[in-house]
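Dear colleague,

Please find below the structure I am handing over to you. My notes on what was found in it follow directly after.

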Amino acid sequence: MPDVAWTIAGSDSGGGAGIQADLLTFHDFGLHGASVVTCVTAQNTTALADNHVVPAPTVRAQLQALWGDLPPAAIKIGALGSPDNASAVLDFLDALPNEDRPFVVWDPVCHASVGGTLGVLPDDTIDAMVRRVDVVTPNAEELADTWRIDPENPAQAAGSLRNRGAERVYVTGGHGETPGLDHWESPTRNFSVQGETLPNRGAHGGGCSLSSALAAATVCEDEDSAPVLAHMYVHQGLRAIARGVDSPGAGRPPLPHLGWPGDAEDLPRVVDAGRAVGPGFPPLSRPIGLYAVVGSADWVRRCVELRVDTVQLRVKDLPAPALRRAVAQSVAATEGSSTRLFVNDFWREAIDAGAYGVHLGQEDLTDADLPAIAASGIRLGVSTHSYYEIARAHAVAPSYVAIGPIYATSTKPMKFAPQGVARLKRWVNLLKSRYPLAAIGGIDIERAPGVMATGVGSIAVVRAITEAPDPADAVTSLRAAMRAGHADVRLSQ
């Protein structure tokens with residue numbers, strides 16, 4: 001049974017914005033959409049001709065009817081029409097239980113994008129809304145008009161709203177002729193979402209769709225990934241407009257609703273506050289191939305003897321001299337061979353020893369000196385587990401991207417649930433045009449063909465070789481399984 005999402009907003013008779021846009025967005029994210037209508041507008045793609053505000057008792061009745069039968073996992077709030085309707089919604093939010101409380105997103109829209117007002121709220125009501133919802137999603141105009149905040153610096157604007165009581169803020173900086181720069185701030189994250197600029201002036205319903213996509217994505221994905229997916233969802237529609245898709249009406253084109261976003265052209269770059277987009281790293285000299293993750297220089301030597309394509313030295317808790325020695329011995333073992341060495345985490349030691357590359361997890365990506373790594377000329381691999389982490393990796397343009405865990409693994413504690421093959425296929429379709437990809441996590445000989453059939457390109461194994469009774473036989477069997485998976489990909493094309 002699908003999760004339910006509500007839109008509390010105005011009706012757009014032209015079908016481009018308001019509850020019509022929200023319901024289309026919810027559908028694209030696989031949710032059942034329900035609606036509480038706050039105002040009924042007479043508008044099209046060129047102008048707002050009339051706006052009838054629904055009486056507050058009717059708004060309250062809609063809220064209670066839905067709550068009694070279709071409780072939501074997420075709620076998007078748009079135009080409220082009047083202070084009385086805002087009070088009805090605030091009373092409803094105050095009465096929500098703490099357990100299983102829906103995630104609430106407020107798009108503080110007061111004006112239709114085709115012109116005309118949708119209802120202005122007093123300052124005390126606006127302040128109350130900010131404090132009651134989980135996210136507020138102002139654009140540049142709303143920052144200036146509603147809060148009198150300078151929109152030129154989205155990060156500062158988000159911080160200002162957080163100081164006024166907002167739990168989370170997603171500032172939309174523009175997706176058309178203005179730079180495609182958004183900003184997200186929450187109690188745990190502070191980052192910009194940098195998309196490609198598009199040659200158009202936006203779309204009717206773009207802000208509505210972004211906030212409803214943000215609400216929906218918190219149900220389908222993790223919280224940090226929601227702003228990334230929301231950005232992608234709107235960007236794909238704007239890109240369709242930019243390339244000349246037929247649009248109804250004679251005025252501002254409605255945002256096309258094109259399903260779950262899955263094109264690399266719409267993937268933004270997530271950049272942590274205070275950092276810049278990464279310098280980019282050299283490409284791999286050849287495909288990743290069979291990738292072994294091992295815990296000692298001795299196992300690196302053994303992988304070289306077994307002609308494993310790529311090996312990663314992953315060691316923990318070694319004293320500094322022993323660590324440097326292990327890295328140096330591993331580099332020496334791979335020199336002149338067909339095996340390429342990546343060193344996990346310890347980028348300084350990898351640079352000093354002349355390793356082929358370094359592999360960083362998301363935590364280490366925060367602390368590492370990426371310009372220094374790039375200047376050394378070595379390659380970079382990055383681990384990812386979510387849309388947020390993929391967009392964060394995309395910002396530094398690594399040499400390859402690792403995706404996992406595909407299956408449950410006991411080799412180290414995992415913050416993310418297993419991705420599974422179907423989800424891996426989604427990542428592959430998104431990223432394969434940009435980066436070499438490796439799947440990792442619980443992959444063995446039996447699972448390898450199914451993993452490779454996603455088109456991922458390579459698999460990384462942690463125990464399938466080092467704990468095999470016969471490592472040489474395991475390498476042979478893994479290669480055969482990888483070829484079988486490749487064959488399945490060719491047959492399906």
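**A strand pair**

Tyr170 stands opposite Trp184, a residue of strand β8. The model in which this pairing appears is a predicted one. The two strands concerned are β7 and β8, the latter covering residues 181-185; they run antiparallel and are joined by 4 bridges. Strand β7 comprises residues 169-172, and its side chains alternate: Val169 and Val171 point one way, while Tyr170 and Thr172 point the other way. As to whether these four are buried or exposed, all of them are buried.

**The barrel**

A barrel is closed by 8 strands, and the pairing within it is parallel. The order of the strands is β11-β12-β13-β14-β15-β16-β17-β18. On average, neighbouring strands of this sheet are turned by 25 degrees against each other, with direction ignored. To take one pair from the barrel, β11 (residues 290-294) and β12 (residues 310-313) are paired in the parallel sense over 4 bridges. Within that pair, Val294 has Leu313 of β12 as its bridge partner.

**Two helix pairs**

Two packed helices are described by the angle between their axes and by the distance between those axes. Both quantities are given here for two pairs.

Helix α7 spans residues 206-220 and helix α8 residues 226-242; their axes come within 8 Å and cross at roughly 140 degrees. Angles over 145 degrees would count as roughly antiparallel, and α7 and α8 are therefore oblique to each other. The crossing in which α7 passes α8 is right-handed. From α7, the contact is made by Gly206, Ser209, Leu210, Ala213, Leu214, Ala217 and Thr218. The α8 side contributes Ala226, Pro227, Leu229, Ala230, Tyr233 and Val234. Sorted by class, the contact of α7 with α8 holds 10 nonpolar and 3 polar residues, and no charged ones.

The second pair consists of helix α9 (residues 297-305) and helix α10 (residues 320-334), whose axes come within 9 Å and cross at roughly 10 degrees. Because angles under 35 degrees count as roughly parallel, α9 is roughly parallel to α10. On α9, the residues in contact are Ala297, Val300, Arg301 and Val304. Their counterparts on α10 are Ala326, Gln329, Ser330, Ala333 and Thr334. By class, the contact of α9 with α10 comprises 5 nonpolar, 3 polar and 1 charged residues.

**Backbone details in loops**

Three loop residues deserve a mention for their backbone geometry.

- Pro405 is joined to Gly404 by a cis peptide bond, with omega at about -10 degrees. The loop that holds Pro405 lies between β16 (400-403) and α15 (420-431).
- Asp100 has a positive phi, near 55 degrees, and is a residue other than glycine. The loop in question lies between α3 (83-95) and β5 (103-106). Asp100 counts as exposed because its relative accessibility is 69%, where the cut-off is over 50%.
- Arg148, also a residue other than glycine, has a positive phi near 55 degrees. Arg148 is placed in the loop between α5 (140-146) and α6 (154-163). With a relative accessibility of 60%, Arg148 therefore counts as exposed.

Yours sincerely

Note on methods:
Residues are numbered from 1 along each chain as its sequence is written. This is a predicted model: local features need pLDDT of at least 70, side-chain atom pairs count only at pLDDT 80 or more; totals for chains, interfaces and linings use all residues. Side-chain values use heavy atoms; hydrogens and water are left out. Buried means under 20% relative accessible area, exposed over 50%, partly exposed in between (1.4 Å probe, protein chains only). Two strands pair if DSSP finds at least two bridges between them. Axes are lines fitted to C-alpha atoms, for helices over the stretch in contact, and angles run from 0 to 180 degrees between N-to-C directions. Angles under 35 degrees count as roughly parallel, over 145 as roughly antiparallel, 65 to 115 as roughly perpendicular and the rest as oblique. A crossing is left-handed if the near helix is turned anticlockwise from the far one by less than a right angle, and right-handed if clockwise. Contact means heavy atoms within 4.5 Å. Ala, Val, Leu, Ile, Met, Phe, Trp, Tyr, Cys and Pro count as nonpolar, Asp, Glu, Lys and Arg as charged, and the others, Gly among them, as polar.
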